[in-house]
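User: I am new to this structure and would like a guided look at it. Please show it to me, and then we can go through it piece by piece.

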Number of protein chains: 2
Amino acid sequence: METLDGAPGRTMTAAELADLLRTAIVNGELVPNQRLVEADLAAEYGASRGNVRVALSELSVEGLVERVQNRGARVRAVSVDEAVEITEVRAALEALCARKAAERITADQAAELQQLAESMKDAVERGDRESYSEGNQTLHARLIEISAQQTAAATIQRLRGQAVRFQFRLARQPGRPAVSLPQHLAIIDAVCAHDPDAAAEAMRVHLESVADVIRSSNP
Amino acid sequence: METLDGAPGRTMTAAELADLLRTAIVNGELVPNQRLVEADLAAEYGASRGNVRVALSELSVEGLVERVQNRGARVRAVSVDEAVEITEVRAALEALCARKAAERITADQAAELQQLAESMKDAVERGDRESYSEGNQTLHARLIEISAQQTAAATIQRLRGQAVRFQFRLARQPGRPAVSLPQHLAIIDAVCAHDPDAAAEAMRVHLESVADVIRSSNP
DNA sequence: GTTCACTAAATTGTTGACAATCCCCTCGAG
DNA sequence: CTCGAGGGGATTGTCAACAATTTAGTGAAC
C-alpha cells in the first residue's frame, strides 16, 4: 500500500487519524470484522504506529472497533439485537430532544419545519425516495439542533455511527415511507404546537417502529 | 512521588491504568481542573508514558478528562448546565430501562423490589440517610439489571461517572427523601404492575426532579 | 512604568527499536 | 489418520530517547 496522505506533507496526528478511520468505518469502506493491523494503517495513512494505537483505543471506547489483548483490533460487527437496543436508546434520546425542541422552538423555526413537512409529503406523493430520505435526515438533525442538548446530541451521534449499516438498508425498504410519513408529520405538529409530551411520545413511537423493523429483519 | 504500584511487580497495562484513573477521578481523588502530567502519572503508577497517553485518550473520549493540543490533559470540570443535561439524558435512558423492566420483571424480582420499598420507607421514617441512599442506588441498579439493556446500561454508567460530584452533594440535602421517596415508590409500583408507560413516566419525573434540584443549586 | 523580544524550563508529540505474545504450519508419535 | 509438540512468522505491547511546542520569567528599550 502506498501512503495516500490526505493531509499533504505533514504527518498525521492521532485525532485526525481517528476521524479518518471513523468516517471510513461509518461509510463502510472498512467492513465489519475486517482486521485493523497497526503497521498497515500506519503505512497507509502516513502516521506513526503510536498514533494508530491511540486512535484505535479511542474508536474502541466509542464502540466502533473491537480490541482483544495481543490479538489486535478489528471493525466491530454489531448484531441485530444490538442494533435494536441502539435504536431504542436513540428513541429515548431523540424523544428527549423532541420534548426540548417543543419547549424552545421559535416561530421562524416552526415555519421552517412546516415547510419541510410539505416537502416530505410531496416527495412521498412523487415517489421520490431520495428526497424523502434526505428530508427525514434533516428533520432529525434540525430537531436535535433546536433542542440545544449537547450531551444528548453527542450520545445520539455516537450511537448512530454504530448502527448506520442498519438504518441504511431500512431506508430503501418498499412501503416504508407510507408508514413513517404520518409519524414524521405527527412529530412536526406536536413540536410546532409547543406540546412537549406529545412531541416526545410521537418521536418515541416513530423510532420504536424503526426498531421493530430492524428486529424483524433477521429472525 | 513514589511508585505506589497497585498491581505488584508487573508493569501496568493501558487498560488497567485507565481503570485506575477513572475510579480516582470518580471518587474525587483527582479534583476537577487538576492537571494530569503524563510523566508524573507514569512515575506514580509505574507505567510507561505511552500507556499513560493511551489511557488519557480513552478517558478523554469518555468525557472524564479534557485534552488540548500541546497543553496536556486535566480532569474535566463539568458545569452545572452540563450536569443538568446529563441528568436529563439519564432520565430518558433510565425511563427506557424502567419501561423494559416493567415488561420483563418476574414475580420473584417484583417481590424483591417490594421488599426494597418497605426497607426504604423504614429508612425514611427512622431518618436513616445512609440506608435510604443505599436503597436508592440499589433500586436504580436493579432496574437497569432487570431491563437487560446493555447499550442503555453502558451509556448511563458513562454519564454517571461525569456527574457523580453533583449526585453526591444532593443525597445529603435535608428534606430530599420526603420528596423522592414517593417517586421511588411510584416507580416500584408501576414496574411491579407490569405497566411500562407508567414506569417510564414515573422514572422520568423522578430524575427530572433531580435535574431541577441541580439546576437550582447554582444560579 | 510598561511593553516587547528573547531565552530557558517544562511538557507534550513523535519515532524507531526491542521484547512478548499469539497464530499457523509442519512434523513426528501413537 | 488423528493428535500433540515445537518452530517460524507476523503482530501487538513496551520502552527510552529525540523533536517540537508552550509557558513563564528576565531584561532592555521606550
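Analyst: A term is needed at the outset: helices are DSSP runs of H or I with at least four residues, numbered from the N terminus. In this predicted model, A:His140 lies in helix α6 of chain A, which covers residues 129-147.

User: Is A:His140 buried or exposed?

Analyst: A:His140 counts as buried, because its relative accessibility is 9%, and the cut-off for buried is under 20%.

User: Which residues does A:His140 touch?

Analyst: Leaving aside residues up to four places away in sequence, A:His140 touches A:Arg90, A:Glu94, A:His184, A:Met203, A:His206 and A:Leu207.

User: Let us turn to the DNA. Which residues come nearest to DNA strand D?

Analyst: There are 17 residues around DNA strand D, and those that come nearest are A:Arg49, A:Arg53, A:Asn70, B:Ser48 and B:Arg71. Of the strand D atoms that come within 4 Å of the protein, sugar and phosphate account for 77%.

User: What is 2.7 Å from a phosphate oxygen of strand D?

Analyst: That is an N or O atom in the side chain of A:Arg53. A polar backbone atom of A:Asn70 is 3.4 Å from a phosphate oxygen of strand D. From chain B, the side chain of B:Asn51 has an N or O atom 3.4 Å from a phosphate oxygen of this strand.

User: Which elements supply the surface near strand D?

Analyst: At least two residues each come from β1 (35-36) and α3 (49-62) of chain A, and from α3 (49-62) of chain B. By class, that surface has seven charged, eight polar and two nonpolar residues.

User: And which residues are closest to DNA strand C?

Analyst: Strand C is surrounded by 16 residues, of which A:Ser48, A:Arg71, B:Arg49, B:Arg53 and B:Asn70 are the closest. Sugar or phosphate makes up 74% of the strand C atoms within 4 Å of the protein, and the rest belong to bases.

User: Which residue has a polar side-chain atom 2.6 Å from a base oxygen of strand C?

Analyst: That residue is B:Arg49. Phosphate oxygens of strand C also have partners: a backbone N or O atom of B:Glu38 lies 3.2 Å from one, and an N or O atom in the side chain of A:Asn51 is 3.4 Å from one.

User: A:Asn70 came up earlier. Where does A:Asn70 take a positive phi?

Analyst: A:Asn70 does so in the hairpin of β2(A) and β3(A), with phi near 65 degrees; three residues lie between the strands. Strands β2 (residues 65-68) and β3 (residues 72-75) of chain A run antiparallel and are joined by four bridges. Within this pair, A:Glu66 stands opposite A:Arg74.

User: Now chain B. Where is B:Gln149 found, and what does it touch?

Analyst: B:Gln149 is in the loop between α6 (129-147) and α7 (150-171) of chain B. With a relative accessibility of 7%, B:Gln149 counts as buried. Not counting residues up to four places away in sequence, B:Gln149 touches A:Glu85 and A:Glu88 of chain A, together with B:Leu96, B:Cys97, B:Lys100 and B:Ile144.

User: What is the pLDDT of chain A?

Analyst: Chain A averages a pLDDT of 90, and 94% of the residues score at least 70. Among the elements of chain A, helix α4 (residues 80-104) has the highest mean, 97, and helix α2 (residues 38-45) the lowest, 88.

User: Where does pLDDT stay under 50 in chain A?

Analyst: It does so over residues 1-9 of chain A. Where pLDDT is low, the predicted coordinates should not be read in detail.

Technical notes. Residues are numbered from 1 along each chain as its sequence is written. Chains are lettered from A and ligands numbered from 1 in the order in which they are written. This is a predicted model: local features need pLDDT of at least 70, side-chain atom pairs count only at pLDDT 80 or more; totals for chains, interfaces and linings use all residues. Side-chain values use heavy atoms; hydrogens and water are left out. A residue is near a molecule or strand if one of its heavy atoms lies within 4 Å of it. A polar contact is a pair of N or O atoms within 3.5 Å; within protein, one must be able to donate a hydrogen and the other to accept it, and residues adjacent in sequence count only if both atoms are side-chain atoms. Ala, Val, Leu, Ile, Met, Phe, Trp, Tyr, Cys and Pro count as nonpolar, Asp, Glu, Lys and Arg as charged, and the others, Gly among them, as polar. Buried means under 20% relative accessible area, exposed over 50%, partly exposed in between (1.4 Å probe, protein chains only). Contact means heavy atoms within 4.5 Å. Two strands pair if DSSP finds at least two bridges between them. pLDDT is the predictor's confidence in each residue, from 0 to 100.
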